[in-house]
Amino acid sequence: MGSVKVKNLIKKYDDVVALNNVNINIEEGEFFALLGPSGCGKTTTMRCIAGFEDPSSGEILIGNNVVNNITANKRNCGMVFQSYALFPHYNVFENVAYSLTVRELYQGGPATKLKSFARLMSKRLAKPSKTIEQKVMDALSYVELDKYVERGVNELSGGQQQRVALARALVMEPSVLLMDEPLSNLDKKLRNSMRTTIRRIQQEVGITTIFVTHDQEEAMSMADRVAVMKDGEVVQIATPTELYSNPQTPFVADFVGSSNIFEGQIKESTKEGSVVNIGDVILKSNIKLDKKDVKVMIRPESIELSSNGKIKDGENVLKGKVKISTYLGAQIRYDVMVGNHEIMIDQTFEPGTPVLPPGADVKLKIDPERVLLI
Amino acid sequence: MKPELNNQKVEVKTKKASILDRLDYLSVLKWAILGFFALFLIIPLFSVFLVSFTGMPINIFGSLVNPEIMSTTVERLSNSSLEHYMKLLAGGTYFKALVNSLALALGVALLVIVMCFPIAYAFARTTMPFKKTFAALCTIPLIVPTFVSAAGFILMFGRTGWFTNIYQAFGGDGVLFNVYSMTGIVLVQVFFFFPFALWPMVAAFKASDVTLEEASQNMGAKNWITMIFVTFPLAIPGIISSALLIFTVSFSDFGTPIIMSPPDLNLIVVEAYREIAGFFNWAGAAILTVIMVLVAGFFFWLQRLVTKGRDYGTLSGKPKMQKLNDNKVVTTSLAIYTSVVVLMPLLTILTVFLQSISTTWGHGALPDGLTLAHYQRIFTSSSNNIWNSVMLAVGALILSVVIATFVSYFVVRRGAAKLDFIASIPLIVPGIALGIALIQTFNTAPLQLTGTALLLIVAYTIRRMPYMIRSTMGTMMSIKKDIEEAAVNLGASPLLAAVTIIGPLMLPGIAAGSILVFITVIKETSVTVLLAPSDLAPMSLVVFQSLLRGDFYTASAMAILIIVVVLGLQAFANRFSKNRLY
């Protein structure tokens, strides 16, 4: 078990900079997600930690030890690959036992070495040792696959293969567990149940886990902390709630959930916060900033909307006209024109209330607490 | 590493470690393979190249260990001149041999293309009946050693051949044509090399863009106009490439000319063989070797140039429905024509078979009587030759499997493009040329290997390496990289991952490839004739020597045995490649 530190990590392929000065500190036992669009460097970061890529510069520490010059096979990072990468010529048991057998091969005496090698070449040549058998069975019962030991891995469903890959990585008691988009090959229902399974196992074992994903929902629902990456750089590291309520860049705000983002100017600073101009619209915010030009971000669900006068004129109340209304089941998404600004608003759908048609006059109210300035 | 070490110390330590890391077993293996190719391919070729200038044998390895030999070598090198090349250019036997060989190769290439044209069209664009049977018959030429097909032709069209007998019975005078001539060699090569060109041509016809043809028809062109002005021109690159391939194969072929060429017909392969095996004329053999490699290399390069980027060009799109010509008259006449062509090799082999079970044959169209005595003889007195063949082939197979597997591993996984290039050099070295280069280099101490089974096995291995690598490389590419990474991630060193994961997953490809190596080694002639030690003569050498002695009965029986072995193994290999385990 151990913490993971990535210090000033740079990775270049010829002239292309894949990672530009990445710094990450992951606590022992933490479930940490690397989130970002494809090509942002999240997988490269993970592969550097696993030892499959050599960093151009920078340090990687696992449990306070620099591992830069430790080869991938000696780093003891359990990895779950996107494609699972199960060995097709082994059955479930042998797949999970691989790391343990290899360890016996390297560490055992001559007789054990021979036996382990025979075992790796064919299961018919030698029997696994008692300890290996016990550990493999434990790992398999953890992922609820103990009934499938003798199955070929190609006879398993996607979710079962995923769990074999997980058991295979866990059985070696790695200091850190790495998962590369492990849920992307599963259908939606299975993905939700695997999410819970992975989270449960991670918490029970208490293993430091790094999880690469492009799906913000996945990252937010599973991770203790999330690092959002873009173009080879870490943009923000925060807990999911903080990331959502207090994104530090427009990119994060937009990538983690959707967001209305406007260019604005701070007109004056008050005791409580600031007053900003977005064109001719004036809004109050509880945030103080030292600069003039700012980005104003408002989550669609933090705007109140009414067409029947429930909202009285006052601070942070805007008048607008519905441009498009989209019924989304639990929610209604309105695109409202306020002056020449288009604002997205998500309103919880309550049965009985009609969906406002395009052209309807509405009033919007925004809590100054929810008007974010960057 | 301990946590309390400060960063600077760690860095010093790690730099040393990284140099040691590079010296892992895999790198050692890679250097060993490179060394193998350098020792048995690059240095011999280079050595022959030097000898072609000095005119005297050069002992490269001796020069490295013995200063006396070194001084001789230096002296010989300082005396090197273009004398021998000038002689060649001035005319004379070598020049004539080169011209004859080029003419032969050109003639065979053109004839094959003309002959295959209708057949390729029939396969690709018509509903010709018996396509599958014809395709199966087309594999016969590929499994027969060329000197056996040459012998078969002699048994048919020679002065006492059964065809000649029939011809004379119908009032013909003498023979239809003299088999011991350029004509005979051309005919054998045309009928036994055509499958090399046929399948690429079929592919070229199939690949032509149907939309262009439809456009042509749309504009009112008649079918035959479309065919001549659109279909055929689009297939031209494929056809040229096939012609160049046939050219190289014919130019390098040794089996047919050595059996059939009359004393007054000089061909470069035969000339080179006689210089080395008959007269020990190092200078002559060396210069002929250099020329053979240059010519074969040039045409191989031309062929690559033509096919460059076209390999899958028009095949990569969506499969389009092609309208097949189903005109009864057309398909029937094409079927008759095709059957004549594909039955010729079959007839040749049947002739060889009949010869192998006849008491005597030559007075008429049919043998005088039937017997199994020839088989009994080869199984008793020549049984050791059978074992020699098996032993040599198994040796070459093991060596090929090991080297090819690791070469494709290095090429596919580690991007070792140079290794790929070196391993494909044998494609342009004719068997006779490789044999001469090896004999010249390993003739004297300190590395005296000429006449040993080892050198023969090495020669077989090198010659078949490009084909073996193609087979293993394909399988290697189909194994995803992350499977190997998973093994490394789970604690296995790259070598252990290669042995326990990649190796077993490649097994089907290796098995299919190694059976093909076994087959080609068993029927190999040119290298065998030059390098086989007399006490280790394999079956193919027995056939060859019997043919030269004029003992066609023993030769036929042994040839049939080779063909049976090859057919059996081929069927086995096909099963392997069809029932891929994964």
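Let's start with a single residue: Lys321(A) has a relative accessible area of 43%, so this lysine counts as partly exposed. The model it sits in is a predicted one, and the tour below moves from charged pairs in chain A to the interface with chain B and then to chain B itself.

**Charged pairs in chain A**

Lys321(A) has a partner: a salt bridge joins this residue to Asp361(A), with 3.2 Å between the closest N and O atoms. The two residues belong to distant parts of the chain, 40 residues apart, with Lys321(A) in strand S16 (residues 317–327) and Asp361(A) in strand S19 (residues 361–366). Asp361(A) is exposed, because its relative accessible area is 51% and the exposed class begins over 50%.

Side chains of opposite charge can pair when their charged atoms come close. Another example is the salt bridge between Glu30(A) and Arg225(A), at 2.5 Å from N to O. Glu30(A) is in the loop between strand S2 (16–26) and strand S3 (31–35), while Arg225(A) is in strand S9 (residues 225–230), so this pair ties together parts of chain A that lie 195 residues apart in sequence. Is Glu30(A) buried or exposed? Its relative accessibility is 7%, so Glu30(A) counts as buried. Arg225(A), at 21%, is partly exposed.

Arg47(A) and Glu53(A) form a further salt bridge, at 3.1 Å from N to O, and both of these residues are buried. There is also a network of salt bridges, which links Glu144(A), Arg163(A), Arg200(A) and Glu204(A). Over all chains, the salt bridge count comes to 19.

Here are the pairs described in this report, including one that crosses to chain B.

| Salt bridge | N to O distance |
|---|---|
| Glu30(A) and Arg225(A) | 2.5 Å |
| Glu485(B) and Arg47(A) | 2.6 Å |
| Arg47(A) and Glu53(A) | 3.1 Å |
| Lys321(A) and Asp361(A) | 3.2 Å |

**Where the chains meet**

How many salt bridges cross the interface of chain B and chain A? The rule finds one. It joins Glu485(B) to Arg47(A), and Arg47(A) is the residue that also pairs with Glu53(A) within chain A. Beyond this, seven residue pairs are in polar contact between the two chains, counting those with both residues at pLDDT 80 or more. On the chain B side, helix H1 (7–22), helix H23 (481–489) and helix H24 (494–523) each supply at least two of the residues that touch chain A.

In terms of contacts, 28 residues of chain B meet 31 residues of chain A. Together the chains bury about 2,600 Å², with 62% of that on carbon and sulfur atoms. Which residues of chain B lose the most area to chain A? They are Glu485(B), Asn489(B) and Leu490(B), which together make up 26% of what the chain B side buries. Glu485(B) thus appears both in this trio and in the salt bridge with Arg47(A).

**Chain B as a whole**

Chain B has 27 helices and zero strands. It holds 582 residues, and 55% of them count as buried. Among its contacts between residues at least 6 apart in sequence, 78% join residues at least 24 apart. The accessible surface of chain B is about 26,900 Å², and carbon and sulfur atoms account for 67% of that.

**A nonpolar patch on chain A**

Back on chain A, Phe117(A), Met121(A) and Leu125(A) make a nonpolar surface patch of about 270 Å². Met121(A) lies in helix H3 (residues 110–121) and counts as partly exposed, because its relative accessibility is 33%.

Conventions
Residues numbered from 1 in each chain as written. Chains lettered and ligands numbered in written order. Predicted model: local features only at pLDDT ≥ 70, side-chain atom pairs only at ≥ 80, totals over all residues. Heavy atoms only, no water. Helix = DSSP H or I, 4+ residues; strand = E, 2+ residues; numbered from the N terminus. Buried < 20%, exposed > 50% of the residue type's maximum accessible area, 1.4 Å probe, protein only. Contact = heavy atoms within 4.5 Å. Areas by Shrake-Rupley, 256 points an atom, 1.4 Å probe, with all protein chains shown as cover. Patch = residues over 30% accessible without salt bridge, like charges linked within 9 Å, V, L, I, M, F, W, Y side chains within 5 Å. Salt bridge = Lys/Arg side-chain N within 4 Å of Asp/Glu carboxyl O. Buried area = accessible area lost by both parts, 1.4 Å probe. Polar contact = N/O pair within 3.5 Å; in protein donor to acceptor, adjacent residues only side chain to side chain.
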